[in-house]
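Here's a quick tour of how the inside of this protein is put together. Take a look at the model first, then read on.

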Amino acid sequence: MTNDRGFVLWLTGLSGAGKSTVAAKLGPALAERGHRVELLDGDEVRTNLCQGLGFSRQDRDTNIARIGYVAAKLSKHGVAVLVAAISPYREARDQVRATVDNFVEVHVAAPVSTCAQRDPKGLYAKALAGQITNFTGISDPYQPPLAPEIVLHTEHQSVDDSVHQVITWLETNQLTTPTDR
């Protein structure tokens, strides 16, 4: 049975907070509930759709606007869209929210110290050493959502618990249905 209720789950948070990890596990859970699912991962989108953009505020806002445009189009066609993108600026996220039906903002909240410990590429260490400029959370701001629908505290919460929290919210708000277990 196909679930044709489209929505956009917008996972925002610092690099290393767990956005992509949670989204990767959410996708199959939603597919199991009959949703057609598309994951728009910030790194992949930047490589394929937004190449040539830098990390200035204007370029970051353009990147988010492009992701939002694609997400809105997909969700209008009944797709459950998972966006995993740092999206550091509140105004850019709010502009996307204004154009998307069933927009669910998920703040994947983890402190810089936790994100730096999880960082396999060593980007935080390079940013702290001044080798990388405009690094969100270090030399460039991250504006957390003021009123997200969901907050995941991934410093203390397992990936499975985070997925369960999101699924429970979606069920409660009638964007998905429970599985027949």
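Let's start with two aromatics: in this predicted model, tyrosine 124 and phenylalanine 135 are both buried. How many aromatic pairs are there? The count comes to two. In the pair formed by tyrosine 124 and phenylalanine 135, the ring centres sit 4.8 Å apart and the planes are at 80°, over the 60 degrees that the label needs, so the pair is edge-to-face. These two link distant parts of the chain, with tyrosine 124 in helix H6 and phenylalanine 135 in the loop between H6 and S5, 11 residues apart.

Now for the nonpolar cores. The largest one has 29 residues, and Leu9, Leu26, Leu30 and Val106 have the most contacts inside it. The elements below each supply at least two residues of this core.

| Element | Residues |
|---|---|
| Strand S1 | 7–12 |
| Helix H1 | 19–32 |
| Strand S3 | 79–84 |
| Strand S4 | 103–109 |
| Helix H6 | 123–128 |
| Strand S5 | 150–153 |
| Helix H7 | 159–172 |

H1 gives the largest share, five residues. Apart from this core lies another, of 15 residues, including Ala71, Ala72, Val83 and Phe103.

Leucine 30 is worth a closer look: beyond its sequence neighbours up to four places away, leucine 30 touches Phe7, Leu9, His35, Val37, Ala80, Leu82, Ile167, Leu170 and Thr176.

That brings us to the helix pair. H1 and H7 pack with their axes 9 Å apart, at an angle of about 50°, and are therefore oblique to each other. The crossing is right-handed. On the H1 side, Thr21, Val22, Lys25, Leu26, Ala29 and Leu30 meet H7 residues, among them Val159, Val163, Val166 and Ile167.

Key
Residues numbered from 1 in each chain as written. Predicted model: local features only at pLDDT ≥ 70, side-chain atom pairs only at ≥ 80, totals over all residues. Heavy atoms only, no water. Core = buried A, V, L, I, M, F, W, Y, C linked by side-chain atoms within 4.5 Å. Buried < 20%, exposed > 50% of the residue type's maximum accessible area, 1.4 Å probe, protein only. Helix = DSSP H or I, 4+ residues; strand = E, 2+ residues; numbered from the N terminus. Contact = heavy atoms within 4.5 Å. Phe/Tyr/Trp six-rings, centres within 6.5 Å; stacked < 30°, edge-to-face > 60°. Axes fitted to C-alpha atoms, helices over the stretch in contact; angles between N-to-C directions. Parallel < 35°, antiparallel > 145°, perpendicular 65-115°, else oblique. Left-handed = near helix turned anticlockwise from the far one by under 90°.
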